Amino acid sequence: MTAVAEQAHDTSQIPAPEGSVTVTVKILRFNPEQDTEPHWESYDVPALPTDRVLNLLMSIKNYVDGTLSFRRSCAHGICGSDAMQINGINRLACKVLVKDLLAKKGKPTTITIAPIKGLKTEKDLYVDMEPFFEAFRAVKPYLIAYGNEPTRERVQSIADRERFDDTTKCILCACCTSSCPVYWSDGSYFGPAAIVNAHRFIFDSRDEGAEERLDILNDAEGVWRCRTTFNCTDACPRGIQVTKAIQEVKRALLFKRV
């Protein structure tokens, strides 16, 4: 969809705390009940440098337009709910501080906010996450063990735990997957997040389902679709080496070794 003309709003009712600066927040709005195309709407919002972008969205929703739609939950960078494009980059709104977006030398600051790409926009910044979670479920992201249940805990060495430590950090925010050009062009690709979560169990010494997952990811829409652009690694708010994890899964397939 192509964005149409920009609309401005009166934001004088938003409280301005002492020490605040005014920033222009441009949001790509879309209401399927009214709009045929998304359009930009502009809000001049007083903000403290220590505010998060999520605070600005809450100010707009609470004082200007209650119909503004976006996901949020913990507001501490753990739940992954508030993933969106902020100044063209996939980020969590609760982790980005206003001070890091302020223009230099006192110039006016504009912050653009749009929904993440590759997933259907349901309303405003709210996207349909079901295709993302469908791919996640498809790689069997859980411990698989055969035979009788053990009589004691499954002991794991520190080295074995470190083997997949990085990929345990995924919070399923979809920042990596929705930053992937392959995923934009073909939604049937599993996407980086699904592969990361497969990696977490493929390399777990307690798991016995590695071959099953590798067979799944050896599909035409699996790991071989990755073009190693590193967009996913750059977008991850948890600092996971996503591209590295994907390459390790490729190597496991090539050499049949975990």
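**Exercise 1. Find what covers the buried residues of helix α1 in this predicted model.**

Solution.
- Step 1. Look around the helix. The cover over the buried residues of α1 includes β2 (21-29), β3 (39-47), β4 and β6 (110-114).
- Step 2. List what is covered. Helix α1 spans residues 53-63, and its buried residues are V53, L54, L56, L57, M58, S59 and I60.

**Exercise 2. Place Q85 and describe its surroundings.**

Solution.
- Step 1. Assign the element. Q85 sits in strand β4, residues 83-86.
- Step 2. Classify the exposure. The cut-off for buried is under 20% relative accessible area. Q85 has 14% relative accessibility, so Q85 counts as buried.
- Step 3. Collect the contacts. Leaving out residues up to four places away in sequence, Q85 touches N90, T112, I113, A114, P115, I116 and K117.
- Step 4. Check the polar side-chain atoms. One of them lies 2.8 Å from the backbone oxygen of P115.

**Exercise 3. Trace the salt bridges of R29 and state which parts of the chain they link.**

Solution.
- Step 1. Recall the principle. Side chains of opposite charge can pair when their charged atoms come close.
- Step 2. Take the partner D65. R29 and D65 form a salt bridge, with 3.1 Å between the closest N and O atoms. R29 belongs to strand β2 and D65 to the loop between α1 and β4, so this pair ties together parts that are 36 residues apart in sequence.
- Step 3. Compare exposure with the cut-off. R29 has a relative accessible area of 5% and is buried. D65, at 14% relative accessibility, also counts as buried.
- Step 4. Take the partner D124. R29 also forms a salt bridge with D124, where the closest N and O atoms are 2.9 Å apart. This pair links distant parts of the chain: R29 in strand β2 and D124 in the loop between β7 (121-123) and β8 (126-127), 95 residues apart. D124 is buried, as is R29.

**Exercise 4. Set the pair D165 and R161 in context, then return to R29.**

Solution.
- Step 1. Start with the total. The whole structure holds 12 salt bridges.
- Step 2. Inspect the pair. D165 and R161 form a salt bridge, and their closest N and O atoms are 2.8 Å apart.
- Step 3. Classify both residues. D165 has 31% relative accessibility and counts as partly exposed. R161 has 33% and is likewise partly exposed.
- Step 4. Look for shared partners. R29, E41, D65 and D124 are joined into one network by salt bridges that share partners.

**Exercise 5. Describe the interface between domain 1 and domain 2.**

Solution.
- Step 1. Set the bounds. Domain 1 covers 7-123, and domain 2 covers 128-145 + 156-255.
- Step 2. Locate the centres. Taken over C-alpha atoms, the two domain centres are 30 Å apart.
- Step 3. Count the contacts. In domain 1, 16 residues are in contact with 15 residues of domain 2.
- Step 4. Take the area. The two domains bury about 1,300 Å² between them, with 60% of it on carbon and sulfur atoms. N90, K117 and L119 supply 39% of the area that domain 1 buries against domain 2, more than any other three residues.
- Step 5. Check the polar side. The interface of domain 1 and domain 2 has zero salt bridges. Four residue pairs are in polar contact across it.
- Step 6. Examine the domain 1 side. Strand β5 (residues 89-92) gives the most to this side, with three residues. By class, the side has six nonpolar, four polar and six charged residues.

Conventions. Residues numbered from 1 in each chain as written. Predicted model: local features only at pLDDT ≥ 70, side-chain atom pairs only at ≥ 80, totals over all residues. Heavy atoms only, no water. Domains from an automatic or database assignment. Contact = heavy atoms within 4.5 Å. Buried area = accessible area lost by both parts, 1.4 Å probe. Salt bridge = Lys/Arg side-chain N within 4 Å of Asp/Glu carboxyl O. Polar contact = N/O pair within 3.5 Å; in protein donor to acceptor, adjacent residues only side chain to side chain. Helix = DSSP H or I, 4+ residues; strand = E, 2+ residues; numbered from the N terminus. Nonpolar A, V, L, I, M, F, W, Y, C, P; charged D, E, K, R; others polar. Buried < 20%, exposed > 50% of the residue type's maximum accessible area, 1.4 Å probe, protein only.
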